[in-house]
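Biologist: Could you take me through one part of this fold up close, the sheet and whatever sits against it? I'd like to follow it strand by strand, in plain words.

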Amino acid sequence: MQRGRFSVMDVQGASDIEHMSSTSGFQHELWPLDEIDPNKAKFPCCLVWTPLPVVSWLAPFIGHVGICREDGTILDFAGSSFVNIDNLAFGPAARCLQLDRNQLLIQCCFPPNLAGHTCKHGYMHTEYGAAITWDDALQSSVCHFEHKTYNLFTCNSHSFVANCLNRLCYRGSMGWNMINVAALILFKGHWINWKSIIRSFFPFTVVLCLGIVFVGWPFLIGLFSFSFLLMVWFLTGTYCMKNLLEC
């Protein structure tokens, strides 16, 4: 090889080293997170959940969910064209789950140009909008939902959190929706304290006992039917009629 010339392998090797260096640099630039502090309602990079008035009294697995910035500030879609900031709209958090920022793909999925994509989602992820940090992705979702109409059955707080996780491409997926967001916080989240457990289940227990005493078995049948119909609605709307619950 003539002096002053580079082979294709030399150029490719240099490119690979540069890519590895930039990726490693991104991972090391993640801000260290503060500790979770329920007293101050600070939950860095967490999903948080609280029971809904009336609805959770009849179906305790239904609740209101939010997602938190890196500094612990809570964001939740609480009403039409309104994203609540700094606390959950329906009471303090009862459950939380801290997400692993190392499972984000924003370093490869939000490059300066489309050709820079290295994940399987490519163009679809570009359509969601560019973001380079956790908070940047959340802010994009906030702007998006500031023009959305809130509806408990079609466009709710779970829709907002799913949109955030899709922008983050959390766990390498852009298939987050109401159902898997609810399942994630329900099965992976943990209770804040024993008071949260009482606050979540005490109203349901009271309603259940009063219903059995004054109505009897028909009340249990009605309560079970209500929960069953809710599950059928969300499962059908999410996986069979996707346009119905997309917002």
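Modeller: Let's start at the hairpin of E3 and E4, where two residues lie between the strands. In that turn, Ser 81 has a positive phi of about 55 degrees. Keep in mind that this is a predicted model. E3 covers residues 74-79, and strand E4 covers residues 82-85. The two pair in the antiparallel sense over four bridges. If you want to find the register on screen, look for Asp 76, whose bridge partner in E4 is Asn 84. Phe 77 stands opposite Val 83 in E4.

E3 is a well-covered strand: six of its six residues are buried. On its other side you'll find strand E2, residues 63-68, which runs antiparallel to E3 and is joined to it by two bridges. One pair to click on here is Ile 67 with its bridge partner in E3, Leu 75. E2 and E3 also make a hairpin, with five residues between the strands. Gly 72 in this hairpin takes a positive phi near 100 degrees.

Next comes E1. Five bridges join E1 to E2, and the two run antiparallel. Leu 47 stands opposite Ile 67 in E2, and Ile 67 is the residue we just saw partnered with Leu 75 in E3. So you can step across three strands here: from Leu 47 to Ile 67, then from Ile 67 to Leu 75.

E1 is largely enclosed by the rest of the structure, because six of its six residues are buried. In a regular strand the side chains alternate between the two faces of the sheet. In E1, Cys 46, Val 48 and Thr 50 point one way, while Leu 47, Trp 49 and Pro 51 point the other way, and all are buried.

Beyond E1 is strand E5, residues 95-98, again antiparallel and joined to E1 by four bridges. Trp 49 has Arg 95 as its bridge partner in E5. Arg 95 has a second point of interest: it lies over the face of Trp 191, at 4.6 Å from the ring centre. Strand E6 is residues 190-191, which puts you at the far end of the strand order.

Put together, what you have is an open sheet of six strands in the order E4-E3-E2-E1-E5-E6, with antiparallel pairing. E4 and E6 stand at the edges with a single partner strand each, so one side of each is left without a neighbour in the sheet.

Now for what sits against the sheet. Helix H5, residues 134-145, packs on the sheet and touches E2, E3 and E4. The direction of H5 makes about 135 degrees with that of E2. Helix H6, residues 157-168, packs on the sheet too, touching strand E1 (46-51) as well as E2, E3 and E4. For H6, the angle to the direction of E2 is about 30 degrees.

Leu 168 is a good residue to zoom in on. It has its place in helix H6 and is buried, with a relative accessible area of 0%. The C-alpha atoms of Leu 168 and Ala 137 are separated by 6.3 Å, though these residues are 31 apart along the chain.

There is an aromatic story around here as well. Phe 77 belongs to a cluster linked by ring pairs, together with Phe 145, Tyr 150 and Phe 160. The count for the structure comes to seven aromatic pairs. One of them is Tyr 170 with Trp 176, a tilted pair at 6.0 Å centre to centre and 40 degrees between the planes. Both of its partners count as buried: Tyr 170 has a relative accessible area of 3%, and Trp 176 is at 11%.

To set the sheet in its wider context, there are 10 helices and six strands in the chain. Buried residues make up 39% of the 247 residues. Of the contacts with a separation of 6 or more, 64% are between residues 24 or more positions apart. As for the outside, the accessible surface comes to about 14,100 Å², and 63% of it belongs to carbon and sulfur atoms.

Definitions and conventions:
Residues numbered from 1 in each chain as written. Predicted model: local features only at pLDDT ≥ 70, side-chain atom pairs only at ≥ 80, totals over all residues. Heavy atoms only, no water. Buried < 20%, exposed > 50% of the residue type's maximum accessible area, 1.4 Å probe, protein only. Contact = heavy atoms within 4.5 Å. Areas by Shrake-Rupley, 256 points an atom, 1.4 Å probe, with all protein chains shown as cover. Phe/Tyr/Trp six-rings, centres within 6.5 Å; stacked < 30°, edge-to-face > 60°. Lys NZ or Arg CZ within 6 Å of the ring centre and 35° of its normal. Pairing = 2+ DSSP bridges. Axes fitted to C-alpha atoms, helices over the stretch in contact; angles between N-to-C directions.
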